[in-house]
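This report walks through a sheet, two aromatic pairs, the nonpolar cores and one glutamine. Please keep the structure in view while reading.

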Amino acid sequence: MKNKGVKFEEIGKHALEWYIEHGRKDVKNFRIRMNIILKDFGHRVAEEIKPSEIDAWLKKYDWSPATKNCYKNVFGKTFKIAFADGKVSGNPARLVEQRPEKNARLRFLSAEEEAKIREAIDLRCPRHMPELDIALNTGMRKSEQYSLEWGQVSFRRKRILLDETKNGSSREIPMNKTCVKAFEELHADRPHEGRIFQSKYGRDLNDSRAWFDRVVEDAKVSNFTWHALRHTFISRLVMAGVDLRTAQELAGHKTISMTVRYAHLAPEHNQAAIEKLDPKIR
């Protein structure tokens, strides 16, 4: 009876094949996590794996809550694909509690810090100034910005088309005047085909981590990474009074819960809302 039914190793490998065939961008992480899971569950009959066993397995590792949730999702996706193929009758991962994730403090640029970084770029590598402007005015993820091709940028419509984003869907990003000007500068200075951010000036200078980390160090701005430019974009939208639903759309967040993390940055709007409950004084 122990050998009856499909082994988890089989449905795990099938799930990995599914990720590859569907061109999922997170296939690398999925493969790494799957290999770790297979060491303990590969020999098991998939139908016999219980939610409590998955939960106990996650508990034994000293991982962050977010990492444990990622592994839980690998279990869940694997069983979901196997269920669709009729290889299992259920998905035990659905009954495993999601670990509460404590969101770290949102790091974004102050006006003074931005001025210091711009000064450092002017001194070290002024060619990269448009890249900073684009990041601060679009909120694109690093991978989205640095894989961008000219065919995705429409100067006429003032739009950037991202074919496939981190959440698996495409989206359009409107460009303001600062962003358009930055792209125009790049368009006048670089080839008009293929990727916008070419390695023409050397791999070391083209790599965002190489030049950006150096100017941040020069500017003496602590605890700031490229991804924090995206936080800056969303934070500034909220602080400028943009409603959360619109900010969600512009940021490309799949759920509004991701955007709600920035709500505290606009306390004056909460104050205005609560004052609407006061009785009118005639």
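A residue counts as buried under 20% relative accessible area, as exposed over 50%, and as partly exposed in between. At 23% relative accessibility, Trp63 is therefore partly exposed. Trp57 has a relative accessible area of 4%, so Trp57 is buried. The model behind these values is predicted.

**Aromatic pairs**

The whole structure holds 21 aromatic pairs. In one of them, the ring centres of Trp57 and Trp63 lie 5.8 Å apart with the planes at 70°, so the arrangement is edge-to-face. Tyr146 and Trp226 form an edge-to-face pair because their planes stand at 70°, with the ring centres 5.5 Å apart. This second pair links distant parts of the chain. Tyr146 belongs to helix 7 (residues 142-146), while Trp226 sits in the loop between helix 10 (208-219) and helix 11 (227-239). The two residues are 80 residues apart.

The table gives the burial of the four rings.

| Residue | Relative accessible area | Class |
|---|---|---|
| Trp57 | 4% | buried |
| Trp63 | 23% | partly exposed |
| Tyr146 | 13% | buried |
| Trp226 | 8% | buried |

Trp57 and Trp63 also belong to one aromatic cluster, together with Phe8, Phe41, Tyr61, Tyr71, Phe75 and Phe79. Tyr71 has a charged partner: the charged end of Arg33 sits over the Tyr71 ring, 5.9 Å from its centre.

**The sheet**

Three strands make an open sheet in the order 1-2-3, with antiparallel pairing. Strand 1 (153-154) and strand 3 stand at the edges with a single partner strand each, so one side of each has no neighbour in the sheet. Strands 1 and 2 pair over 2 bridges. Here Val153 stands opposite Ile160 of strand 2. Strand 2 (residues 159-162) and strand 3 pair over 4 bridges. Arg159 faces Pro174 of strand 3 across this pairing.

Side chains in a regular strand alternate between the two faces of the sheet. Strand 3 (residues 171-174) shows this alternation. Arg171 and Ile173 point to one face and are buried. Glu172 and Pro174 point to the other face and are not buried.

**Nonpolar cores**

Nonpolar side chains tend to be buried together in soluble globular proteins. In this model, the largest nonpolar core has 36 residues. Ile117, Ile160, Phe183, Phe212, Phe224 and Leu229 have the most contacts inside it. At least two residues of this core come from each of helix 5 (111-124), helix 6 (129-138), strand 2, helix 8 (177-189), helix 10 and helix 11. A second, separate core has 26 residues, including Phe41, Ala46, Leu58 and Val96.

Ile160 ties the sheet to the larger picture. Beyond its neighbours within four places in sequence, Ile160 contacts Thr138, Met140, Leu148, Gln152, Arg171, Glu172, Ile173, Met175, Cys179 and Phe183.

**A buried glutamine**

Is Gln145 of helix 7 buried or exposed? At 0% relative accessibility, Gln145 counts as buried. Its side chain reaches the backbone oxygen of Glu131 at 3.1 Å. Leaving out residues up to four places away in sequence, Gln145 touches Glu131, Ile134, Ala135, Met140, Phe197 and Trp226.

Methods: Residues numbered from 1 in each chain as written. Heavy atoms only, no water. Buried < 20%, exposed > 50% of the residue type's maximum accessible area, 1.4 Å probe, protein only. Pairing = 2+ DSSP bridges. Phe/Tyr/Trp six-rings, centres within 6.5 Å; stacked < 30°, edge-to-face > 60°. Lys NZ or Arg CZ within 6 Å of the ring centre and 35° of its normal. Core = buried A, V, L, I, M, F, W, Y, C linked by side-chain atoms within 4.5 Å. Contact = heavy atoms within 4.5 Å. Polar contact = N/O pair within 3.5 Å; in protein donor to acceptor, adjacent residues only side chain to side chain.
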